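Let's walk through this structure together, moving from the overall build to one residue and then on to the second chain. Keep the viewer open as you read.

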Amino acid sequence: MRPYSYVRADDVEGAIATLSGAPDAAFLAGGTNLVDLMKLGVETPEVLVDVRRLTSERVEDLEDGGLRIGAAVPNSVLAADRKVRTGYPVLSQALLAGASGQLRNVATTGGNLLQRTRCVYFYDTTTPCNKREPGSGCSAIEGHNKNHAILGGSEHCVATHPSDMAVAMAALDAFVNVRGPEGGRRIPIEDLHRLPGDEPRHDTVLEHGELITSVDLPPPGFLSNSKYRKVRERASYAFALVSVAAALDVQDGVVRDVRIALGGVAHKPWRATKAEEALRGEPAGEENFRAAADIELESAEPLQDNAFKVPLARNVITRTLLELSEGR
Amino acid sequence: MSTTERATGRAIGMPLDRIDGPQKVKGTAPYAYEHHVEHPLYLFAVRSSIARGRIVSMDVSRAQDVPGVVIVVTHENAPRMADTRDQELATLQSDRVDYRGQYVGAVIAETYEVARHAASLVEISYEEETHAAVLDPASDGLYAPEVVNAGFPTDTEEGDFDRSFSSAAVRLDETYTTPTEHNNPMEPHTTVAIWEGGNLTLYESTQGVHPVGRTVARVFGLDRDRVRVVAPYVGGGFGSKGLPHANTMLAVLAAQMVEGRPIKFALTRQQMFAGVGYRTPTVQRMRLAADEEGHLTAVGHDVIEQTARFKEFAEQTAVVSRMMYDTQSRRTTHRLAALDVPVPSWMRAPGEAPGMFALESAMDELAEACNLDPIEFRVRNEPEIDPESGLPYSSRNLVACLREGARRFGWEDRDPAPRTRQEGRWLVGTGVASATYPVFRMPGSRATIRYEGDGRYAVEIGAADIGTGTWTALTQISADALEIGVEDVDLRIGDTRLPYASVEGGSSGITVWGAAIFEAARVFRERHGEDPSEGDEVQARTPNNPETENYAMHAFGAYFVETRVDADTGEVRVPRMTGVFAVGNVINPGTARSQFIGGMAMGLSMALHEESLVDGRFGHVVNQDLAEYHIPTNADVGEIDVSWIDEDDPYVNPMGSKGIGEIGIVGSAAAIANAVYHATGIRVRDLPITPDKILP
């Protein structure tokens, strides 16, 4: 681990100012991912600015009936929050499907959104990786890529985003509130994470010095009929092969509204807008659910080891929607 | 026919709580790294980033300039070893690189963090040579080793295999594969080394202090009595700490360079994936044939596996097929590919674990082809004598295990048709497989017994407890050997100052150490009677067991497994496993149960999770942490029902016991694979059984 200095800012503005003046500085919250990556030499910040106590640790009501989640709210607290469990079960379920109890106690909402990929080559500084070392090449495209992207990859990077929570938030149309040197902005979560393109180094659209301060959820409405299903090779403590966050509003047998987001398939939480469009106004049922999933997955470009993710995603989308339509 | 003198006492068989339990729970049992030493220095290894070639130059200047760095060690300044014949141990003795991840240098520093950081600053230029790091069964470079692990013959042939196989009524010809697997004990390989005044002390995480001490003495040209190795508590080994590896040699080299200051060296989890042993991948072609009545007429087991180019290790994968079932003809072979990889080594039940996955999967397939229940099929092929040696078995209770397991598990009304039971989205199936493990003996162990007054006896033997319960089991054995209470035994193990004990490997520890203690107790009573004087002492060796000439000695077992497979996703869950074992006398039912449960959980891990992914372009394992190299979590392990049958074996050793450390893993992966087939109709012949192999 490279030597680094640790500073604690008094407030958000101070933290942002400190970071802005130091190109090799990073924010530290729960540290569950960043510190691991520092030990391995993947992340090498010179300064860590501790923001753990600077943002809200509370889940608060918004005037429109939604919720504002402070960036410092631990994953375990958010998962247990009564309003989250009743209004947005998909979010609670996603959080509980991630990591372990110990990690969830420490990991924060803001930090969870900013997890780096678990691509083994990204983690290994002895192998090329465009995300870690731009221009060095992607080892995964011709290497072991079972856990990698089937949607939205590029010739430079096929990594997946590892967060479960972010997939649920994508399905919920959350907004991410950010403060930075230039002031604040409010980013639809769909726009927070980016596809790798020719700049896989950047996971998100955040600029250096921008800090996530909170996440807003819209009023629950039909989102209370939502679900998270994570498929993984062991029953706990593993990243998703494929996950599905879905919410469904069916009236008189017809899909009035639907939200579908996929995890484990792309560089970002993958909002399945094509499948959603195909379903709105159509009868709810297994056949239509499956057909909609197929429409979404038409553009899938599997790699050598992960072709199974296509039928897997199709099956899990179908099953999850079916269960939601049956009130299960 | 003489039988070994038998134990008749009361302590053996009692579920005595672990003697070291309270200390371990309180965190006061010192593991290697935790031994207190004055002013230690810390070692961090520099590892090669090529798989084959030579080092052209090493620039250590940046590393050397980091404040707190004491020495940067390279092949150019490392002390010369006295004996470099074992290329695995010849650390930093030349510019050669034999595998990726090999130690090519090290930093000694005042703190661990400084050592680790400085190690990352060492710059190396290599002359790289073409390498091969992935097992290719079609390679034309395969060769037959002279013998395979544990001294077994490489190939065997009985009867006319080709004719029997080709003319049989029912035939199976399938290939099964198991991947590279890494042992990954919870405690990584760790050494604290102190070189002072020509004496070397090692606090070592090892399965055998004496074997490590002897190896280090030989490699460094030291008298044996100048090397002391201490290991009272060890956080698991699973074979990877059975033989000393380069990490121990590196720590000793470093200690030699900073004479007087202790060196602390612990591997990171990532470093556990190169250089401390692993299970070779295997490609196993099984050819089984049977007549119309379901009697085997041919058993063929042809194995391809790997070794390192610089040192040979040949896993004895097909050996189980030589003795497991009766047949008219038999052929077993082992072929190796020599690759630019770390040398494979022991991993819990080397040979038996991968070999029985193939044999017991194939037996399940052939049972179905013969239209026979898989238990009945095995019973029909039960040999009367050991097919390999022609000797009778000292005891063989496989059939009893199968019958008892069937009863406990509820096998009786099983519908053999695959993919016929569904509960919600879960496809449900059940499977069975046999287990076996030989009664190994290692030579040379000795025990000392000394009367310490007040009714107390010291029992000293340099044995190891790697978490298995040796502390407790040897105390019970000592009590019965001396016919005293367990509270009057002062057991001392884990130190080369104690009498020589062989490695805790091959499930042999209790057999040979216990026999040495029994012999010492016998001689003690013979010389000093029932009323000894304080200080009376004897030492004795494990006696030869003449019965090994007369009997084949093996433990047996049977597993029954229920699996549930998600029809949408191919996720496999194992809600319950039943294991029934025939292992002679059980010394301690509590620790034995834990051993069986651990073995079966590790078999589940082998079946569903473990796979080291080697990237052939680079030559190393890329999923080198426990986030990506999966072992089961608690949520993956369902109910495990363990029991054993009463088995009286008067021939194996004075305790009447057979080793139990390894048999729990042998065959359990096959039982799961067989249950997955029964649930889904899909036969997965390549471990691990992951969703991608089940989804269409």
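The paragraphs below start with chain B, follow one of its helices onto a sheet, and end with chain A and the contact between the chains. Please keep in mind throughout that this is a predicted model.

Let's begin with the overall build of chain B. Its secondary structure consists of 14 helices and 28 strands. The radius of gyration is 26 Å, close to the 26 Å that the globule rule gives for 696 residues, so chain B is as compact as a globular protein of that length. If you draw a box along the principal axes, the C-alpha atoms of chain B fill roughly 75 × 70 × 50 Å. Of the 696 residues in chain B, 59% are buried. Contacts in this chain also reach across the sequence: among those between residues at least 6 apart, 83% join residues at least 24 apart.

Now turn to a sheet in chain B. Five strands make up an open sheet here, in the order S18-S19-S24-S25-S28 (chain B), and the pairing is mixed. At its edges you will find strand S18 (422-423) and strand S28 (637-644) of chain B, each pairing on one side only. Further in, strand S24 (residues 554-566) and strand S25 (residues 572-582) of chain B run antiparallel to each other and share 9 bridges. One residue to pick out is B:Tyr559, whose bridge partner in S25(B) is B:Gly579. A helix lies against this sheet: H13(B) packs on it and touches strand S19 (426-438), S24 and S25 of chain B. The direction of H13(B) makes about 155° with that of S19(B).

Zoom in on that helix, and on B:Ala671 in particular, which lies in helix H13 (residues 668-680) of chain B. Is B:Ala671 buried or exposed? Buried is the answer, because B:Ala671 has 36 other C-beta atoms within 10 Å, where 20 or more are enough to count as buried. Which residues does it touch, leaving aside neighbours within four places in sequence? B:Ala671 is in contact with B:Gly431, B:Val432, B:Ala433, B:Tyr559, B:Phe560 and B:Val561. You have already met B:Tyr559 as the bridge partner of B:Gly579 in S25(B). Another pairing in space spans much of the chain: B:Ala671 and B:Glu360 are 311 residues apart along the chain, and their C-alpha atoms are separated by 7.6 Å.

Next, move over to chain A. There, 3 strands form an open sheet in the order S1-S3-S2 (chain A), with parallel pairing. Strand S1 (5-8) and strand S2 (25-28) of chain A are the edge strands, and each pairs on one side only. From one strand to the next, the twist averages 25°. S2(A) pairs with strand S3 (residues 47-50) of chain A in the parallel sense, over 4 bridges, and A:Leu28 stands opposite A:Asp50 in S3(A). Here too a helix packs on the sheet: helix H1 (residues 12-20) of chain A touches S1, S2 and S3 of chain A, and its direction makes about 150° with that of S2(A).

Finally, look at where the two chains meet. The contact takes 27 residues from chain A and 29 residues from chain B. On the side of chain A, helix H8 (120-123) and helix H13 (309-325) are the elements that give two or more residues. The largest share, 5 residues, comes from H13(A). By class, this side of chain A has 13 nonpolar, 7 polar and 7 charged residues.

Definitions and conventions. Residues numbered from 1 in each chain as written. Chains lettered and ligands numbered in written order. Predicted model: local features only at pLDDT ≥ 70, side-chain atom pairs only at ≥ 80, totals over all residues. Contact = placed C-beta atoms within 7 Å. Nonpolar A, V, L, I, M, F, W, Y, C, P; charged D, E, K, R; others polar. Pairing = 2+ DSSP bridges. Axes fitted to C-alpha atoms, helices over the stretch in contact; angles between N-to-C directions. Buried ≥ 20, exposed ≤ 12 C-beta atoms within 10 Å, placed from the backbone. Rg over C-alpha atoms; globule rule 2.2 N^0.38 Å.
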